[in-house]
Amino acid sequence: MARVQIIIPDEDRDRFFSQAKREGMTLSAWLRAAAHECLEARQAAKPFESPEELEAFFRESNANAGPGREPDWEEHLAVMRESQLRGIADA
């Protein structure tokens, strides 16, 4: 088995160690598991191979979106501003 040395901030090491402990794993085992999960997720993501595949993806996404319309960007901004102003008033 190969040994790999990594350099990470102490803060990350502490967080990773705590999570590994919660999961009943050593830090080394937890890091290996996290790396495997990351690798599997990245390998599962397949790029679109044609414009037709991309169009099919968006058709399916739109069909799954449900009724109603997506708010436009200005509506999103208005909601965020209103929320920020309420937060300031509560301070």
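1. Helix α1 and its end. α1 is followed by Gly-24, a residue with a positive phi, near 70°. The helix itself covers residues 10–22, which makes 13 residues. From its first C-alpha to its last, α1 reaches 18 Å, close to the 18 Å expected at 1.5 Å a residue. These values, like those in every point below, come from a predicted model.

2. Overall make-up. The protein chain contains 4 helices and 0 strands. Read from the N terminus on, the order of elements is α-α-α-α.

3. Overall dimensions. The radius of gyration of the protein chain is 22 Å, whereas a compact globule of 91 residues would have one near 12 Å. Taken along the principal axes, the box filled by the C-alpha atoms is roughly 55 × 50 × 25 Å.

4. Burial and surface. Of the 91 residues in the protein chain, 3% are buried. The chain exposes about 8,600 Å², and carbon and sulfur atoms supply 57% of that area. A reader looking for a buried interior should keep the 3% figure in mind.

5. Charges. The protein chain carries 12 positive and 18 negative charges. The mean position of the positive charges and that of the negative charges are 9 Å apart.

6. Helix α2, seen from Ser-28. Ser-28 lies in helix α2, which runs over residues 27–44. Is Ser-28 buried or exposed? Neither label fits, because its relative accessibility is 42% and Ser-28 therefore counts as partly exposed, the buried class being under 20% and the exposed class over 50%. Ser-28 and Phe-16 are 12 residues apart in sequence, and their C-alpha atoms are 9.7 Å apart in space.

7. Helix α3. This helix takes in residues 51–64, a run of 14 residues. At 1.5 Å a residue it should span 20 Å, and its end C-alpha atoms are indeed 20 Å apart, so the two values agree. Cover over α3 is slight: the count of buried residues among its 14 residues is 0. After α3 comes Gly-66, with a positive phi near 90°.

8. Aromatic rings. The count of aromatic pairs is 3. In one of these, Phe-57 with Phe-58, the ring centres are 5.2 Å apart and the planes stand at 70°, so the pair is edge-to-face; the cut-off for that class is over 60 degrees. Phe-48, Phe-57 and Phe-58 together form one aromatic cluster.

9. Exposure within the cluster. How exposed are the two rings of the edge-to-face pair? Phe-57 has a relative accessible area of 38% and is partly exposed. Phe-58, at 45% relative accessibility, also counts as partly exposed.

10. Helix α4, seen from Leu-85. Leu-85 lies in helix α4, residues 73–90. Its relative accessible area is 58%, so Leu-85 is exposed. Leu-85 and Gly-68 are 17 residues apart in sequence, and the distance between them in space is 27 Å, C-alpha to C-alpha.

Methods:
Residues numbered from 1 in each chain as written. Predicted model: local features only at pLDDT ≥ 70, side-chain atom pairs only at ≥ 80, totals over all residues. Heavy atoms only, no water. Phe/Tyr/Trp six-rings, centres within 6.5 Å; stacked < 30°, edge-to-face > 60°. Buried < 20%, exposed > 50% of the residue type's maximum accessible area, 1.4 Å probe, protein only. Helix = DSSP H or I, 4+ residues; strand = E, 2+ residues; numbered from the N terminus. Expected span 1.5 Å × (residues − 1). Rg over C-alpha atoms; globule rule 2.2 N^0.38 Å. Areas by Shrake-Rupley, 256 points an atom, 1.4 Å probe, with all protein chains shown as cover. Lys, Arg positive; Asp, Glu negative; His and termini not counted. Charge placed at Lys NZ, Arg CZ, Asp CG, Glu CD.
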